[in-house]
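The following paragraphs walk a newcomer through one protein model, starting from a single helix and the strands beneath it and moving outward from there. Please keep the sequence and the structure in view while reading.

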Amino acid sequence: MGEVDYEAVFQALPGMVALLDTDLVYVDANEDFQRLSGRSREQLVGHYIFEVFPDNPNNPAATGTRNVRASMRRVAATGERDAMALQRYDVEDTGNPGHWEERFWSPINAPVTGPDGKVAFVLHRVEEVTELIRVRGGAGHDSRAHILEAELYTRARELQELNERLRLAHAREREVALALQEAMLPASRQVGDHRTAVRYRPAVGALNVCGDWYDLVDLVGGNRIGVSVGDVVGHGLRAAGVMGQLRSALSASSRVAAGPAQALDVLGRYAHVVDGAESATAVTTFIDFDARTITYSSAGHPPPVLVHADGRVEFLDQATDTPLDARPDPMRRPQAATAYEEGATLALYTDGLVERRREDIDVGLGRLAHALVEHLTATPEELADAVLLQLLPPGGATDDTALVIVRL
């Protein structure tokens, strides 16, 4: 099969389609867009959209510019597609300056990401429905047609205002949830001089935040630290609250427990009385830097990855048990240990990093192992960034992601 001429495909797309950069300047427009908007490619490309299509100054109720600008900026900022309500957006006749044609449009704006995963362009697809609205009112532009147009336009504006209020409400909840997450998640300074890096990436979407957590603590006795990650089912403020309770409980139990299995035993008993902790998972590791050993236990969580100094990969999966609140009467959890040499790297993470729909999790685990080995000589901070860049989808994951890197 030969190479696809994407420029030809773009020009042949049915309907009005234009591409704008994040400053809302036209980059390209297909033939239908040029023809139906009454603007040539030269009049569009390189020009700010609202210089080409300003609001009708003779219509005091005109809101097209404001609505389309808000939609496009939202798409550029969030990376989320936005289907707008029906818009009345009059267009000036280029052959008769000062004369404005009454037009109705149904726009959809979608993000186009660049190699770095950030939004680089906004794809603007428009369906003109002016004739449809007129025809639905009968032949010509009689009073029935005017009534229908007015009703449709009014309902469309009401719908758009309602959608905007919902977006603002979701944005406020997301902001509160993120602030709560930041306040409750620990800083790496709690583990002294050990070389660590932590990352948290919320899921894409208005409310998808705060299900995952991590913890790093100094342990009593010897040169030891505890490193844990966990995952609470659900999103939003409720999940953030449960996450905070479980993280704090494990942090406290780890400081007095004989080992990670006992710490998870205590956490499981606590999770049994916490509403919303059903099916929560966690894995905890106790790292002894003097003995060069890692002792670990998992409550239904994906296994930590140990990359030895020679590049050998070891998944710590020999002590995996059920999720925290899976049993009515908690039982003693399994525990295992492994040795390492100086220069090894330990990675703990949540499933948002490795799981993809319709894909076996082993494929994602393989990607993680490959990325860790590929950047084995990088610093923990550089390694964490490289892993996220390679494993997370360009537009962001649909689940939270927590990642902890420890250089041993």
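Helix α11, which spans residues 380–391, lies across three strands, namely β9, β18 (345–349) and β19 (401–407), and the helix runs at about 30° to β9. The model in which this arrangement appears is a predicted one. A salt bridge also ties this helix to β9, for the side chains of E381 and R199 meet with 2.6 Å from N to O. E381 belongs to helix α11 and R199 to strand β9, and since the two are 182 residues apart, the pair links distant parts of the chain. The partners differ in their surroundings: E381 is partly exposed, with a relative accessible area of 38%, whereas R199 is buried, with a relative accessible area of 12%, because the limit for a buried residue is under 20%.

The strands under the helix are part of an open sheet of 5 strands, ordered β9-β19-β18-β14-β15 and paired in the antiparallel sense. Why do β9 and β15 each have one side without a neighbour in the sheet? β9 (196–201) and β15 (313–315) stand at the edges and have a single partner strand each, so one side of each is left without a neighbour. From one strand to the next, the twist averages 15°. Towards the β15 edge, strand β14, made of residues 305–307, is joined to β15 by 3 bridges, and these two strands run antiparallel. One of the paired positions can be located on the structure: V305 has F315 in β15 as its bridge partner.

From the sheet, the eye can move to the nonpolar interior. The largest nonpolar core has 24 residues, and those that touch the most other members are I287, L346, V404, V406 and L408. Strands β9, β10 (212–218), β11 (224–231), β12 (281–288), β13 (293–299), β18 and β19 each supply at least two residues of this core. L346 shows how many parts of the chain can come together at one residue: apart from its neighbours within four places in sequence, its contacts include T285, I287 and I294, then P304, V305 and L306, and also L316, V404, I405, V406 and L408.

Strand β12 deserves a separate look. Of its 8 residues, 7 are buried, so β12 is largely enclosed by the rest of the structure. On one hand it is joined to β11 by 8 bridges, with the two strands running antiparallel, and on the other it pairs with β13 over 7 bridges, again in the antiparallel sense. T284 of β12 takes part in both pairings, since S228 stands opposite T284 and the bridge partner of T284 in β13 is S297. β12 and β13 form a hairpin with 4 residues between them, and in the turn R292 has a positive phi of about 55°.

Further charged pairs can be followed elsewhere, and the structure holds 11 salt bridges. In one of them the side chains of D321 and R333 meet at 3.4 Å, N to O. D321 sits in strand β16 (residues 320–321) and R333 in the loop between β16 and β17 (336–339), 12 residues apart. Are these two partners buried or exposed? D321 counts as buried at 16% relative accessibility, and R333 counts as buried at 7%. Another salt bridge joins the side chains of R367 and E359, at 2.8 Å from N to O; here R367 is partly exposed, with a relative accessible area of 27%, and E359 counts as partly exposed at 29%. Salt bridges that share partners also join R199, E381 and D385 into one network.

Another part of the chain can be entered through A76, which lies in helix α5 (residues 64–78) and is partly exposed, with a relative accessible area of 23%. Its contacts, apart from neighbours within four places in sequence, are T22, V119 and V122. The C-alpha atoms of A76 and N109 are separated by 9.5 Å, although the two residues are 33 apart along the chain.

Finally, the whole protein can be considered. It contains 11 helices and 19 strands, and 45% of its 408 residues count as buried. Among contacts between residues at least 6 apart in sequence, 61% join residues at least 24 apart. The accessible surface comes to about 19,900 Å², of which 53% belongs to carbon and sulfur atoms.

Notes
Residues are numbered from 1 along each chain as its sequence is written. This is a predicted model: local features need pLDDT of at least 70, side-chain atom pairs count only at pLDDT 80 or more; totals for chains, interfaces and linings use all residues. Side-chain values use heavy atoms; hydrogens and water are left out. Two strands pair if DSSP finds at least two bridges between them. Axes are lines fitted to C-alpha atoms, for helices over the stretch in contact, and angles run from 0 to 180 degrees between N-to-C directions. Contact means heavy atoms within 4.5 Å. A nonpolar core is a set of buried Ala, Val, Leu, Ile, Met, Phe, Trp, Tyr and Cys residues joined through side-chain atoms within 4.5 Å. Buried means under 20% relative accessible area, exposed over 50%, partly exposed in between (1.4 Å probe, protein chains only). Accessible areas come from the Shrake-Rupley method with a 1.4 Å probe; for residues, only the protein chains shown count as cover. A salt bridge is a side-chain nitrogen of Lys or Arg within 4 Å of a carboxyl oxygen of Asp or Glu.
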